[in-house]
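Colleague: I have a new model open on my screen. Can you show me how to read it?

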Amino acid sequence: MDLQPDESTTLNSMENGDPKGSMIMNKELIMISNGRSAQNVSSSILRKKSDPALVSKIRFKMLRQMLANLQEVVLGTKLAVLFPAIPLAVVADFYNFGRPWIFALSLLGLAPLAERVSFLTEQIAYFTGPTVGGLLNATCGNATELIIALFALHQNKIHVVKCSLLGSILSNLLLVLGTSLLCGGLANIRKEQRYDTKQADVNSLLLLLGLLCHLLPLMLKYAAGIGNSTALYTLQLSRASSIIMLIAYITYIFFQLKTHRELFDSQEEAEEDDEEEKAVIGFWSAFAWLVGMTIIIAVLSEYVVGTIEAASDSWGISVSFISIILLPIVGNAAEHAGSIIFAFKNKLDISLGVALGSATQISMFVVPLSVIVAWIMGIRMDLDFSLLETGCLAFSIIVTAFTLQDGTSHYMKGVVLFLCYLVIGACFFVDSIPLNETTGNLGVKKSSGALIT
């Protein structure tokens, strides 16, 4: 794809540090405009401009366009160095290499794919408008976690589903937000960092609602006594609560995109209205790439789910630790890095939008959707995440809500959140619950962790 003269001038000005180029780069701070969410804005910080000289000399227009799209999609991210892990994972599976190697390569390959899905949904949003684009971003924002959950459900690995989704919530609330506040506070140590608490209040309320839906089945089980009838009541309560959670999330999307859209807009939007970003690839090209990327994510997710126990046994760590700690860190690496970079730039509203928005989406959309899908598949999955997991979730949400209540930030808040994450990670690392212990009384075994001698 050829650059127009004015676009080439803009690109050069950005490279030379020209103020005009910097002002155009600041356009990435707009979150909801053109259907872009905070997760999209965060991921965009890891993208890089492609070199048009690589394809400009090709004569055939169609071939030149295909190569330009390939360059934008595959080479347009700083995580492109991880793409070779994808064919290596396929080759390792085909030739029956060690299953831990298949797991590790698949996990590495998911990192750039997750960032590219965010990029492609953003490109489609330029053509569909802000409302449809916002809905698309809300649906695909955590596509990797959703696909892994669906494959784990298909293989009846309910414990992996619960732990991976719980880990995504904990990772966003404690690791991403904690490191963002820590790094932002250290980089702006002589400034008082401020952010709008309205967005944080809305997300905190939804997270507390989701926590209530997790606590009730757990409390019902212990109040009524463990038994087959109690398990049935817990399952029915979980399914009803999941429907309510999905209704709440749909209401939240309408609240975010329509009635109270200004609460989720970046503060810099008014200063940037005169600048207009354009899509770098066409609608159908973006749609085709999105379908292809989703298929590849599905293949790698199947590898991850199928080899997670082998990796656990080979590495000597529990499946719980891998699902709660390792999977979320690698799967959301692009968003995590972008959130920290924006915190360095004293743009905490975007960092909060990434961490809280993603945690809310997992808690109020992906988790209840997994329960409903399991119901359709005839699998008995409930919202009882067991006492240890639910307790970690509860304290994480409460600590995060207290941290964000005053609208100001300093590095000490980040230190506390990050240390909370380390303590939880250490807890699941040494977790050695006996093999005959079950989760939610539904016959799902918990994998033992590394034994301490």
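Modeller: We will take confidence, then a surface patch, then aromatic pairs.

Colleague: How is the pLDDT spread over the chain?

Modeller: This is a predicted model, so start with confidence, since where pLDDT is low, the predicted coordinates should not be read in detail. Here the chain averages a pLDDT of 77, and 74% of the residues score at least 70.

Colleague: Which stretches have pLDDT below 50?

Modeller: Residues 1-34 are one of them. The model gives that stretch 69 contacts beyond near neighbours in sequence. Residues 434-453 also stay under 50, with 51 contacts beyond four places in sequence. By element, strand S4 (residues 444-445) has the lowest mean pLDDT, 41, and helix H16 (residues 387-403) the highest, 93.

Colleague: Which residues make the nonpolar surface patch?

Modeller: Val-90, Trp-284, Phe-287, Val-291, Ile-295 and Val-299 make it, over about 560 Å². Helix H12 (residues 283-315) supplies the largest share, 5 residues.

Colleague: Is Val-299 buried or partly exposed?

Modeller: Partly exposed, because its relative accessibility is 32%, and buried would need under 20%. Val-299 sits in helix H12.

Colleague: How many aromatic pairs are there?

Modeller: The whole structure holds 9. Among them, Phe-94 and Tyr-95 meet edge-to-face, 5.0 Å centre to centre, with 85 degrees between the planes. Both of these residues are exposed. Together with Phe-97, Phe-94 and Tyr-95 form one aromatic cluster.

Colleague: What is the geometry of the Phe-283 and Trp-284 pair?

Modeller: Edge-to-face: 5.0 Å centre to centre and 80 degrees between the planes. Phe-283 is partly exposed at 26% relative accessible area. Trp-284 has 63% relative accessibility, so it counts as exposed. Trp-284 also belongs to the nonpolar patch.

Notes
Residues numbered from 1 in each chain as written. Predicted model: local features only at pLDDT ≥ 70, side-chain atom pairs only at ≥ 80, totals over all residues. Heavy atoms only, no water. Patch = residues over 30% accessible without salt bridge, like charges linked within 9 Å, V, L, I, M, F, W, Y side chains within 5 Å. Areas by Shrake-Rupley, 256 points an atom, 1.4 Å probe, with all protein chains shown as cover. Salt bridge = Lys/Arg side-chain N within 4 Å of Asp/Glu carboxyl O. Helix = DSSP H or I, 4+ residues; strand = E, 2+ residues; numbered from the N terminus. Buried < 20%, exposed > 50% of the residue type's maximum accessible area, 1.4 Å probe, protein only. pLDDT = per-residue confidence, 0-100. Contact = heavy atoms within 4.5 Å. Phe/Tyr/Trp six-rings, centres within 6.5 Å; stacked < 30°, edge-to-face > 60°.
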